[in-house]
Amino acid sequence: KETEEVFKVKKSSYSKKIVKQLKKEYKEDLEKSKVRTEVNSPTDVEPPLEKAAQIKDIGQEDGTANSEHGEEEMEVESEKEEEKPKAGGAFSSALSSLNVLRPGEIPDAAFIHAARKKRQMARELGDFTPVDSEPGKGRLVREDENDASDDEDDDEKRRIVFTVKEKSQRQKIAEEIGIEGSDDEALVAGEQDEELSRWEQEQIRKGINIPQASIYQPAEVNNLYYQNTYQTLSYGSSYGIPYTYATYGSSETKSQKTDNTVPFKTPSNEMTPVTIDLVKKQLKDRLDSMKELHKANRQQYEKHQQSREDSTKAIERLEGSSGGIGEQYKFLQEMRGYVQDLLECFSEKVPLINELESAMHQLYKQRASRLVQRRQDDIKDESSEFSSHSNKALMAPNLESFGRDRVIYQEQVKRRTAEREARRTRRRQAREQTGKMADHLEGLSSDDEETSTDITNFNMERDRILKESSKVFEDVLESFYSIDCIKSQFEAWRSKYFASYKDAYIGLCLPKLFNPLIRLQLLIWTPLEGKCRDFETMLWFESLLFYGCEEQEQVKDDADISLLPTIVERVILPKLTVISENIWDPFSTTQTSRMVAIVQKLVDGYPTVVNAENKNTQMLLKALLLRMRRTLDDDVFMPLYPKNILENKNSGPYLFFQRQFWSSVKLLGNFLQWYGILSNKTLQELSIDGLLNRYILMAFQNSEYGEDSIKKAQSVIACFPKQWFANLKGEKTIPQLENFCRYLVHLADTIYRNSIGCSDVEKRNAREHIKQIIKLLASVRALDHAVTVANDHNVKEIKILIEGK
């Protein structure tokens, strides 16, 4: 019957747990009894147990092996105990109470004995699994059993209760179950010695195998360590052990579950006592830290809010301006396409414009060259005709010996002579009709009349060029060749999007863009002709006159303000340079006056353009000087005849001499018209050194000394600019006029000598001529020569003559 009851209990999983728990509790009671015996104090029992539990928790691996070893030893002990006789009533009562033992209740000796008997009976019946002799195998089997039992009630398995009382464990058991002390003492004494030895070995082995446990070894004896450490420090709270301890004498066993994941911490020897002030301080510190964190978060929040508002405003602003940007992009794309088309158009049309302009310049150049060549041929013909040393060899040095070319040459000379005389006759008749015959002097006319054949050919060629120019843009839309249309396109760009207009440097590109169109309109523009229009009255000038001059405030350094001056610099000045070099005739007073007028207008009206530093201006002045020097070298000719030939004033040589003299004086006046444009040094070199001293003075010396010479001298001095002599200091004139002043002094002496022995009327006329010479000398500030003439000829009114000039 008892076997069946034990068998039934064995089959219950709950009874298995109770038996296991009893084994552990019994083992621990033995350890407590041994410790209390050694320490001899109730407060010293708990620390060894806590230390063992701590080492067990740290070294779980070793603990598993120890548990296996401990179970085997418990089985041996159970067999020994079974041999001892026990009271039947105590055993049966303990056996019956196996199913009613509450968790945490301390079993008595009879209960333990009954449990051992039950274990022995189970082993005999074959229901108990023996320990495997192979290493490691038994351990796995027992771990499986423990796992199966642990699944049902983990909380009860993990609960270990320690009770510490003032009396020893041996006395407690004896008092409760009433067993004699001799039997119990014998059982307990043997088990205590064996358990204590095994416990010490386990602790030593665990201390050696686990270095981490060494930090908890006491520095002094065990009594001092336990008293200092474990009186104030809770084992479960410090080391995270998932077990609680019930205080002896409590009404209920207090259980507590702790998380196995609590990190392992090193116990401190001292702990600050928890007070209200400490809690308040920690709460205050935490509150302050939370306030600071809240403040930082608040600032970050405000920063994000401000960033959000700024982003919203930027989005609204960009959305509001997106329409304008789109329109600007569209407009600029249209302008880009328009400008590309315009440049492609000009790339094809500009070469045609250049060809037409070159053809027109060539036409005018041919006409001017033809007139100059005719004048040179006339001078050669007359010089050969009236020369006292003329002969056939001189007249035609390259003729053949057979004389076949001589006939042709003579025929050409006769033809040119007839044409020359016919032109002079027509000019004489024109002067007679206008009443200018008395004031005219031979040689002052330019002799630039043309034959009807030359005029017709010239007009036909010019009309052809103009017709070709009108066809240049006949296959092009008006918006690509009309200055007004092109200007309106860029004006719209300037008015709408001035920033991009300025960044594209349109103000600097417009002069070059308008250049071909303006040159096409200036194709027949020649300021040397009287019917030529002023360029400032032409359509292109009026169209571009107010470009970039809106009512709004002008931008500093606006290139559009200098649009017209730039066009004048790049179009007008180069055209004038070509005219000066190839078309202008310095012998023509009319052409020279018109040329001087247009250049002077540019100097006065466009001072920033027409200056010495401008490249185009320098090229224009250089062309003017080259043309005057070429005229001086190629076209000026002064014949030399004996005085007896010149006495006949109606003879051909005399007329030819007078004509060449006055043409030279006319050229001197034309040269000096450039005063204020060319430098004084350049003018004096050309007019005085190159013309007066080289040609005109030679004619004075061959002329008759008298009233005719004085008139000629007056005409020469009238050509000089008065500004040359206004600022002279002293009594001497400019060095270049010294030869001319000496001639005047010589002329006065000659007139005086010729009057000696003549009538009083002739003497009076001679004296008047001397006074006129003194005035001429004074007009050129040659006061030293004037005083000399006055003193030599006893002229008393020298002061009046000098002041009257």
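This is a walk through a predicted model, one selection at a time.

**The whole chain**

Start with everything shown and colour by secondary structure. You are looking at 32 helices and zero strands. The chain runs to 805 residues, and buried residues make up 40% of them. Switch on a surface if you like: the accessible area comes to about 46,500 Å², with 51% of that belonging to carbon and sulfur atoms. As for how the chain meets itself, take the contacts with a separation of 6 or more: 76% of them are between residues 24 or more positions apart.

**Colour by confidence**

Now recolour by pLDDT. The average over the protein chain is 75, and 67% of the residues score at least 70. Select 179–184, where the pLDDT is below 50; beyond near neighbours in sequence, this stretch has six contacts in the model. Then go to 389–396, also below 50 in pLDDT, with seven contacts beyond near neighbours in sequence. Where pLDDT is low, the predicted coordinates should not be read in detail.

**Helix α13 and its salt bridges**

Select 276–386, which is helix α13. There are 26 salt bridges in total, and this helix is a good place to meet a few of them.

Pick R519 and E357 first. They form a salt bridge whose closest N and O atoms are 2.6 Å apart. R519 sits in helix α19 (residues 506–521) and E357 in helix α13, so this pair ties together parts of the chain that are 162 residues apart in sequence. Are the two partners buried or exposed? R519 is buried, and so is E357.

Next, stay on α13 and select R367 with E529. Here the closest N and O atoms of the salt bridge are 3.1 Å apart. R367 belongs to helix α13, while E529 is in the loop between α19 and α20 (539–544), so to speak a link between distant parts of the chain, 162 residues apart. Both ends are out of the solvent by the burial criterion: R367 is buried, and so is E529.

Then add R370 and E450, a salt bridge with its closest N and O atoms 3.2 Å apart. R370 is in helix α13 and E450 in the loop between α15 (404–434) and α16 (452–470), so the pair ties together parts 80 residues apart in sequence. R370 is partly exposed, at 34% relative accessibility. E450 is partly exposed as well, with a relative accessible area of 22%.

Before you clear the selection, show R367, R370, E450, D454 and E529 together as sticks. These residues are linked in a network of salt bridges.

**A nonpolar patch on the surface**

Move to V274, in the loop between α12 (235–239) and α13. V274 is exposed, with a relative accessible area of 68%. Add V279 and L283 to the selection: with V274 they form a nonpolar patch on the surface, with about 290 Å² of accessible area together.

**L737, inside**

For a contrast, select L737, in the loop between α28 (723–726) and α29 (738–755). How much of L737 is accessible? Its relative accessible area is 0%, so L737 counts as buried. Show what L737 touches, leaving out residues up to four places away in sequence: I688, L692, F720, F725 and V780. If you want a distance to draw, try L737 to I688, which are 49 residues apart in sequence and 7.3 Å apart in space, C-alpha to C-alpha.

**K771 in helix α30**

Now select helix α30 (residues 760–779) and find K771 in it. Is this lysine, K771, buried or exposed? At 17% relative accessibility, K771 counts as buried, because the cut-off for buried is under 20%. Its contacts, not counting residues up to four places away in sequence, are V795, E797 and L801.

**Last stop: cysteines**

Finish with C345 and C485. C345 is buried, with a relative accessible area of 11%. C485 is partly exposed, at 23%. How many disulfides does a search of the whole structure find? Zero.

Key:
Residues numbered from 1 in each chain as written. Predicted model: local features only at pLDDT ≥ 70, side-chain atom pairs only at ≥ 80, totals over all residues. Heavy atoms only, no water. pLDDT = per-residue confidence, 0-100. Contact = heavy atoms within 4.5 Å. Disulfide = S-S within 2.5 Å. Buried < 20%, exposed > 50% of the residue type's maximum accessible area, 1.4 Å probe, protein only. Patch = residues over 30% accessible without salt bridge, like charges linked within 9 Å, V, L, I, M, F, W, Y side chains within 5 Å. Areas by Shrake-Rupley, 256 points an atom, 1.4 Å probe, with all protein chains shown as cover. Salt bridge = Lys/Arg side-chain N within 4 Å of Asp/Glu carboxyl O. Helix = DSSP H or I, 4+ residues; strand = E, 2+ residues; numbered from the N terminus.
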